[in-house]
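Welcome! Here is a short briefing to help you find your way around this structure, topic by topic.

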Amino acid sequence: MIAVSSCLLGEDCRYSGNNNYDRRITELLEDEEVISICPEVLGGLSTPRPPAEIQGGDGKGVLEGIARVIDKEGNDVTVSFIEGARESLALIKEHGCSLAILKAKSPSCGSRVIYDGSFSGNKKAGVGVTTALLQKEGIEVFNEEEIDRIITKL
Ligand code: SF4
């Protein structure tokens, strides 16, 4: 069983109200059992919602209490992001997933780089909040730009 970001599967759960449908991912997983997860929706946030970025670190820092998730209107949404990460982990454990394919660059789902917290489009090395929690629990996280690496795991 593989956990996949809902927006990659075509669900309109992005902050902007649309999706990040990725045909290569859906074709690659055609014969696999998948569960769809959107940490931000699981954390109780509405769609659409203001975009959010991590300030003061990355998802690991958020879990350690040294970084915060702030939306573009200045609201601190850290608690919702942590709740979404916990709910995602619970679902992933319930379904016995050892692998997750999550949307690149997201403050929840990113696994290599994320936006740097300045809402200017700049990025920094780091992981999203859900990715940080999953990795801490030994679950491998890839993003949709790592097709070759994903293939070796299927
Ligand atoms: Fe939801 Fe993650 Fe997609 Fe954002 S990137 S919409 S949190 S699944």
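The residues around the ligand are S5, S6, C7, C13, R14, C38, P39, E40, K103, S106, S108 and C109. By type, this shell divides into five nonpolar, four polar and three charged residues. Please keep in mind that the model is predicted. The points below take you from the ligand to the strands, then to the whole protein, and finally to one loop residue and one helix.

**Strand β1 and its partners**

- Strand β1 covers residues 2-5, and its residue S5 is also one of those around the ligand.
- Are the two faces of β1 buried or exposed? Both are covered, with I2 and V4 buried on one side and A3 and S5 buried on the other.
- Strand β2, residues 34-37, pairs with β1 in the parallel sense, and four bridges link the two.
- Within that pairing, I2 has V34 as its bridge partner, while V4 is matched with S36.
- Helix α1, residues 23-28, joins β1 and β2 in a right-handed β-α-β unit.
- β1 also runs parallel to strand β5, residues 99-101, and three bridges join them.
- In this second pairing, A3 stands opposite A100 of β5.

**The protein as a whole**

- The protein has six helices and eight strands.
- Starting at the N terminus, you will meet the elements in the order β-α-β-α-β-α-β-α-β-β-β-α-β-α.
- The C-alpha trace spans about 45 × 30 × 25 Å along its principal axes.
- How does the radius of gyration fit a compact globule? For 154 residues such a globule would have a value near 15 Å, and the protein has 14 Å, so the two agree.
- Of the 154 residues in the protein, 44% are buried.
- Among contacts with a separation of 6 or more, 60% are between residues 24 or more positions apart.

**A loop residue to look at: V77**

- Where does V77 lie? You will find V77 in the loop between β4 (68-71) and α4 (78-94).
- V77 counts as buried because 22 other C-beta atoms lie within 10 Å, and the cut-off for a buried residue is 20 or more.
- Once neighbours within four places in sequence are left aside, V77 is in contact with L45, A52, V69 and D71.
- E53 is 24 residues from V77 in sequence, and the C-alpha to C-alpha distance between them is 9.6 Å.

**Helix α5 and its cover**

- Helix α5 takes in residues 129-136 and is mostly covered, with six of its eight residues buried.
- Which residues of α5 are buried? They are V129, T130, T131, A132, L133 and L134.
- The cover over these buried residues includes the helices α2 (39-42), α3 (59-64) and α4, along with the strands β4, β5 and β8 (140-142).
- Two of these names appeared earlier: β5 is a parallel partner of β1, and β4 comes before the loop that holds V77.
- After α5 comes G138, which has a positive phi, near 85°.

Note on methods: Residues numbered from 1 in each chain as written. Predicted model: local features only at pLDDT ≥ 70, side-chain atom pairs only at ≥ 80, totals over all residues. Near = placed C-beta within 6 Å. Nonpolar A, V, L, I, M, F, W, Y, C, P; charged D, E, K, R; others polar. Buried ≥ 20, exposed ≤ 12 C-beta atoms within 10 Å, placed from the backbone. Pairing = 2+ DSSP bridges. Right-handed = clockwise from strand over helix to strand, strands pointing away. Rg over C-alpha atoms; globule rule 2.2 N^0.38 Å. Contact = placed C-beta atoms within 7 Å.
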